[in-house]
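Work through the exercises below with the sequence and the model open. Each task is followed by a solution in steps.

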Amino acid sequence: MKALILNSGMGRRMGVLTQSHPKCMTEISATDTILSRQLRQLCDAGVTECVMTTGDFHDVMTAYCESLRLPLHITFVRNPRCAETNYIYSIDCAREVLSDGDILLMHGDLVFENTVLDAVLGSGESCMAVSSSQPLPEKDFKAVIRGGRIREIGIHCFDDALAAQPLYLLKAEDWRRWLQGIHEFCERGETGVYAENALNTMLDDLALRPLDVGEQLCAEIDTAEDLARVSGQLQQVENRTVYMCFSADMLHSAHFALIRRAARLGRLTIGVLSDEAVTSYKRYPLLPCAERMAMFRNISGVVRVVEQRTLSYRENIERYRPDIVVHGDDWVSGYQQPIRAECIEALNAYGGRLVEYPYASDEKYRALEQRARAELSTPDVRRGRLRRVLSMKGLVTVMEAHSGLTGLLVEHTAVHENGGTRQFDAMWLSSLCDSTAKGKPDIELVDMTSRFRTIDEIMEVTTKPIIFDGDTGGITEHFVYTVRTLERMGVSMVIIEDKTGLKKNSLFGTEVAQTQDSIESFCRKIRAGKAAQKTREFMICARIESLILEKGQEDALSRAQAYTAAGADAIMIHSRKKDPAEIFAFVEAFRAVDAVTPLVVVPTSFNQVTEEEFRARGVNIVIYANQLTRAAVPAMQEAAQSILAHHRALECDRELMPFREIIRLIPEED
Ligand code: SPV
Ligand code: MG
């Protein structure tokens, strides 16, 4: 595609403004002349070849264009008879350098905004810019439109006409015909008419589509009044602000295309979604927000980069008041709908508008996303993520997993509410559920090798951080090996409870014989574990059983302080009472002396307390320790009983997942 710019006219109607330079070199903004702006726009749109017809100002114009140093090859063709001929003759002079390929044709006094050029270039068929919202001009071009096609172009046609601007895309064959027509006119000596006169003779069988630019800026400058009006409009266009928000941590061509498109609408601000917001709706970001912001800052066309703290756009729309928000059309339906509605409402409050482009969901992006997830599942990346999520969110929610399948459920289960998404942050590798799944009691009977095997199964198919239920940790000499293995595997935290001897599940409380370890002995175990670990990220959490074993608050608190002094990275306080009072009392007393050590709770019995309340009281990790297993067992029992009772599977079928779904539940990796 070549651009053809007609610049051989004298621009006499501009008076003194064009005494010493051609009209196209008139300043139109603080940074551009009409010509430099057109040339820059062509370069930005990817055009690399241009033909420019010139006249008396040939030398001034060629020197000027060279001085702009743009990546554009310009062939200048001088019309030696410009004083007595019209541009039909200039085009004929340039015939030889214009004879192949599509042509983007424009007059040298035309000022248009980027989106007009994009629409013309993207039209796919021959077209001319018209405007259905501008009044018909007295003296300038109008296009007669019938049957969706332009039938005639001229200054005298008013019926069925729209205001038209000399900005065309001509497909190669259409252009070849028009050029031939121009040549025939010139051969006959008809050099004082418009080139459009030649075009008009063929518009019955040359399909020229009207491209309606509506209210967008696309105007010729003939007079000083035009100059003043169009400069004013251009200033508005150039001051227009555009906002879009990204969560991406890996950019690909579709992102760049979208950014480029948005930047052509105005001065582009990019909002970068905070780590917390990305984590809540998608996955943990590979790069922290600050690094993602830096990445966008370095993309051309991006004027400013800001943080967007929530999935909702409202806060940033109200703060930056962009004229336009750009988004993919994927949020028209689905769970993001409320966010879109809120965005439109916020824009409507001051007359901003939303521009939506088709969402590019392509294979490339899916492949990148898979790579990102693979990266997140590697031990080194996964291990440190619990600490980061903790510092990012303050309160972390954790769900039990005891197999690849339950791991996948914890990984992917999400609920969408108010345009946001809630997911679990991490997985709890419960000793109770791991043992139960193997039909064994929760008494440290399932050995570490088997427990590690479960971790491995889960890790193979998930990316979320893992908290391992280490029971008592075993004897100290064994515990140090467990720490290193867990660390190597990419587990983020082990929780060990201060019991010794034959451990039973805490929810038995004092109904069974259980022995609490001494403070000294348990501190020795913590210290040995901390000394054994190789990375700074791995966490050892000390679990206090004093309330379970009815030893009282004082005992629990003094243990908590001793364990943190021994190096515990977090404290878990457990209770089997329905009433959360003793948990709350512990948290309050502990927080009075220690504001920073993360506190962990397992609200199996005190399940009425919400995460919000725990957060408000100073808890940092809430573990749902056994709910998936407890949900599955009755469902399985019912199905088994129903089949036995009915001698067939029909009756229980409606309670079951359709087999079509179960075979697709686990997607195959490609
Ligand atoms: C587990 O899930 O195995 C636990 C928590 O240790 S509890 O069952 O409440 O003791
Ligand atoms: Mg346990």
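**Exercise 1. The second largest pocket**

From which domains does the lining of the second largest pocket draw at least three residues each?

Solution. The model is predicted, so local features need pLDDT of at least 70 and side-chain atom pairs count only at pLDDT 80 or more, while totals for chains, interfaces and linings use all residues. Residues are numbered from 1 along each chain as its sequence is written, chains are lettered from A and ligands numbered from 1 in the order in which they are written, and side-chain values use heavy atoms, with hydrogens and water left out.

Step 1. Set out the domains, whose bounds come from an automatic or database domain assignment: domain 1 (2-236), domain 2 (240-364), domain 3 (395-625) and domain 4 (631-663).

Step 2. Assign the lining. At least three residues come from each of domain 1 and domain 2.

Step 3. Describe the pocket. A pocket is an open set of points on a 1 Å grid over the protein atoms alone, with protein on both sides within 12 Å along at least five of seven lines; lining residues have an atom within 4 Å of a point. The volume of the second largest pocket is about 970 Å³, where a volume is the space filled by probe spheres set on the points, and grid points are joined across faces, edges and corners. Its lining has 36 residues, and Gln134, Gln216, Leu217, Cys218 and Ala219 are the closest to the centre.

Step 4. Find the main contributor. Helix 7 gives the largest share of this lining, five residues. Helices (H or I, at least four residues) and strands (E, at least two) are DSSP runs, numbered from the N terminus.

Step 5. Sort by class. The lining has 13 nonpolar, eight polar and 15 charged residues. Ala, Val, Leu, Ile, Met, Phe, Trp, Tyr, Cys and Pro count as nonpolar, Asp, Glu, Lys and Arg as charged, and the others, Gly among them, as polar.

**Exercise 2. The largest cavity**

State the volume and the lining of the largest cavity.

Solution. Step 1. A cavity is a set of grid points where a 1.4 Å probe fits but cannot get out. The structure holds one cavity of 30 Å³ or more, and the largest cavity has a volume of about 160 Å³.

Step 2. Of its 19 lining residues, Leu432, Asn505, Arg543, His574 and Ala625 lie nearest the centre. The classes are six nonpolar, seven polar and six charged.

**Exercise 3. Three residues**

Is methionine 636 buried or exposed? Treat threonine 191 and arginine 37 in the same way.

Solution. Step 1. Buried means under 20% relative accessible area, exposed over 50%, and partly exposed in between (1.4 Å probe, protein chains only).

Step 2. Methionine 636, in helix 24 (residues 627-646), is exposed because its relative accessibility is 55%.

Step 3. Threonine 191 sits in the loop between helix 5 (172-187) and helix 6 (195-200). Threonine 191 is buried because its relative accessible area is 8%. Beyond four places in sequence, its contacts (heavy atoms within 4.5 Å) are Arg81, Thr85, Asn86, Ile88, Tyr89 and Cys186.

Step 4. Arginine 37, in helix 1 (residues 34-44), has 9% relative accessibility and therefore counts as buried. Outside its neighbours within four places in sequence, arginine 37 touches residues including Asp32, Glu113 and Glu238.
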